[in-house]
Amino acid sequence: MRLSLTVRGALVGLLALLPIVLLPSGLTVALCGAAWLLVLALDVLLTPAPRRVRITRRAPGQTRLGTSATGRLLLTNTTGRALRIEVRDAWNPSAGLTAQRAQLRLPAQERRAVDQDFTPWRRGVHSSRALVCAVRGPLGLTRRASSLPVPGTFLALHAFASRRHLPSRVRRLREIEGLAAVHQRGAGTEFDSLRDFVDGDDVRSIDWRATARRRSVVVRTWRPERDRHVLIVVDTSRTSASRVGDAPRLDAEMDAALLLTALCAQAGDRVDVLCADRIPHVSVSGASARTVLHDVVAATAPVEPALVETDWEMVAAQIRRRARRGALVVLLTPIEPAAVQQGLLPIAARVAADHPLIVASVSDPALETLAGERGDITAVYRAASAEQDRMERAGAARALERSGAVVVDAEPGSLPQLLADQYLALKAAGRL
Amino acid sequence: MSGATTLARPIAQRPQDPAASRARRSRLLVALLVLAVAAAVGIGVMRGAYREGPFEPSSPTPTGSRAVVEVLQDAGSDVQVRRSTLDAAGALEEGRTVLVTDPSALGSAQLGSLHQAHAAGTGRLVLVRPDFFALRALAPGIAPAGILPDSTELSADGSCGAASLRARMITAGPVDSLAPAATRYRTESGSGVCFDGVVVQGDRITVLGSATLLANETVGERDNAAVALNALGIDRSAPVTWYLPSASDPMAEVRPGLLERLPSWLLPIGLWIVLVSAALLLALSHRLGPVVVEPLPVRVRARELTLGRAALFQRSSARDRAARSLRAATAVRLAGRLGVRREESLDALIAALRGHTDATDAQLRALLGPTPITSDAALMRLASDLTHLEKEIDR
């Protein structure tokens, strides 16, 4: 419990100016000082302890970034007289609580609520570090404050802006599932049914035996395989920490991972997600198709990039352990020429030998802008530097493609859709 | 064998202790400081200690009076320095010759005390540029009679008599930062006036109207020294007291200060207001609960690296390097558009370009080939030419 002076308590000292002017001496000053302290002490003695205000909390459970959530503090006055109190709910700043402080009057034996609006601007777990309640004295000169144990946390989830692309991709998926011809016969496809031939169907998929029995030409339809395994590995190392536009690369990677997870769940595939840099941080595995998206969103919410280098050998070992042969592996990592040459390339070749591999990377649209600038000599040097970066990136991407991976390198806004499209293309081609 | 011993030898590397090096540095700093102080003290001693000020007897500066004092001492006069009125009055009573360097700085009580001592004893007074009030108290027969703003040469005439102090011609006038002008005086009787009123002799009183007669800078001009020395009684080897009025004199007139004009309640009120202000600051600075600290993730713009490299290019004028990457990027894009394989040579690309652009092969080769770039202007031209070429192929 702490005592403090209010502004009124300080200004009350000005009342002593009159006696000091009338009787100017050190003794008057001392007496006035003593009287002041006496009044303050009296006020403190008459103030009830802040612990006699009972506070409970209704915190929002979780909210998505970009939306608001509401919480509520319920304050009950257990004393026999009205109290004027100030409360401060000290959340971390990025929780986006609009008003941390509230002043209110609590009548005796009554309860009041303080509404709280949270608009978080950072992913992850937000918590109230302290809830401080201060009770003013009856004269309003002093206050007694103490910190009350009322914990509160909520989880700010990824914004998942790409979810608006989900319906169109699911429609594509249904088209593929009901598609007359899958352009590859044999392994990896599953016989579904027969239907009439329409223009554009692959002639190789005509079922001659069935056609012979009927008057019209009949084709076999194949359904993409279900219950395949997809492992999404999100790189959370230093390369993901760099900011592209307004958000770090990791946010765009997460966005892509979430869209792919949702799409895979719709397609009936089993999705595991692993966030790793030097060590595996977060992993979601074995979740059912209904809950997987929620599990992944909740598990990856607190993940932030760390300023370390990814241990690709460790990642390869994790992939070997978690994914069966033939499972789709999606690596979400920026294509940084240095990092690719040093670690990723040999690992990608090894993984691609056993699995279909997609490497998805967030590119920086600023590079293209820089490369197009002419203006003055500084702009030309910048353009040269940007061109060199782009060529090195393209070289690294080509090297990855040569080692068997499918590379999706796109701007933050379009990476999720392109990754989803790539997955659908693999699905349509029967490579899953 | 020797290899084994080399390996086995422990690596005797003294650890770099940062604390030790810091201590060494601070010791060096202390030594330097001591040296500087010693040098300053040494210079001060060698320069000789003297007191700076107008007519200071020990001061060798242009406005001091060391020249006159040394001559007096060499002639056997006993010269003492006094800075308070009581001492000066005592010396006057003892019969010494008292030189008052600044009579106008004296208050009426000081002047009265000097006058009493002068009347009671046998001492002589020498006044340097006294003002009206000082003269009224000390020598009622003498009064100021105007000033000489310019340096003037004055000669003694027949009417001077003893007042000429055995000098023929003096220089009177202003002395820089000491006196803005010389002052002329007259007596009621008209006698005892010499050098146009700059020197006046009265009853055991000599009035010197010009600072030039005493200051080191000008005392050597004409017969100035004779006037000064004779006025101070060098011929009699009279004991001389050099009286420099000072502000620290207990008899110096004290005017009521600002503090004494203030009302008596101001101090307690001020004290109280300080107290209340401190309390108010305390109240205003109150913070409810702790400061919340939140570690935020590091975010660096991805293009920083690109911009940094561009700055490096520019600072080291790496034009060829910049040109190479610009050309390569354009060549790769053109090759992609024209269906030339990336691995093929420049000739293949130029051959493919031939039908699409007006430029000749030589021009294209100069543009896309490794032609050296010598100036910033050439680099800019290259960049715009490459853009132009790409646009041309786009059409």
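Two strands are said to pair if DSSP finds at least two bridges between them, and in this predicted model that criterion is met across the boundary between the two chains, where two bridges join strand S14 (residues 242-244) of chain A to S12(B). These two strands run parallel, and within the pairing A:Ser242 stands opposite B:Val300, a residue of S12(B). The pairing belongs to an open sheet of three strands, in the order S15(A)-S14(A)-S12(B), in which the pairing is mixed. Strand S15 (247-248) of chain A and S12 of chain B each have a single partner strand and stand at the edges, so that one side of each is left without a neighbour in the sheet.

The contact between the chains extends to 52 residues from chain B and 66 residues from chain A. The size of an interface is often given as the accessible area lost when the parts come together. For chain B and chain A, the area buried between them is about 5,100 Å², of which 67% lies on carbon and sulfur atoms. Polar interactions were also counted: between chain B and chain A there are 20 residue pairs in polar contact, with both residues at pLDDT 80 or more, and the count of salt bridges between these chains is four. One of the salt bridges is formed by A:Arg122 with B:Glu294, whose closest N and O atoms are 2.9 Å apart.

On the side of chain B that touches chain A, the elements giving two or more residues are helix H9 (266-284), strand S12 (300-301), helix H10 (304-315), helix H11 (319-338) and helix H14 (376-394) of chain B. The largest share of this side comes from H9(B), which gives 11 residues. When the residues of the side of chain B that touches chain A are divided by character, 33 are nonpolar, nine are polar and 10 are charged.

Within chain A, strand S10 (residues 153-157) has four of its five residues buried, and it is therefore largely enclosed by the rest of the structure. S10(A) is joined by three bridges to strand S3 (residues 62-64) of chain A, and these two strands run parallel; in this pairing, A:Leu155 of S10(A) is the bridge partner of A:Gln62. Strand S8 (residues 124-136) of chain A is joined to S10(A) by four bridges, and here the strands run antiparallel. In that arrangement A:Val125 stands opposite A:Leu155 in S10(A), the residue that is also the bridge partner of A:Gln62.

Notes
Residues are numbered from 1 along each chain as its sequence is written. Chains are lettered from A and ligands numbered from 1 in the order in which they are written. This is a predicted model: local features need pLDDT of at least 70, side-chain atom pairs count only at pLDDT 80 or more; totals for chains, interfaces and linings use all residues. Side-chain values use heavy atoms; hydrogens and water are left out. Contact means heavy atoms within 4.5 Å. Buried area is the accessible area (1.4 Å probe) that two parts lose on being put together, summed over both. A salt bridge is a side-chain nitrogen of Lys or Arg within 4 Å of a carboxyl oxygen of Asp or Glu. A polar contact is a pair of N or O atoms within 3.5 Å; within protein, one must be able to donate a hydrogen and the other to accept it, and residues adjacent in sequence count only if both atoms are side-chain atoms. Ala, Val, Leu, Ile, Met, Phe, Trp, Tyr, Cys and Pro count as nonpolar, Asp, Glu, Lys and Arg as charged, and the others, Gly among them, as polar. Buried means under 20% relative accessible area, exposed over 50%, partly exposed in between (1.4 Å probe, protein chains only).
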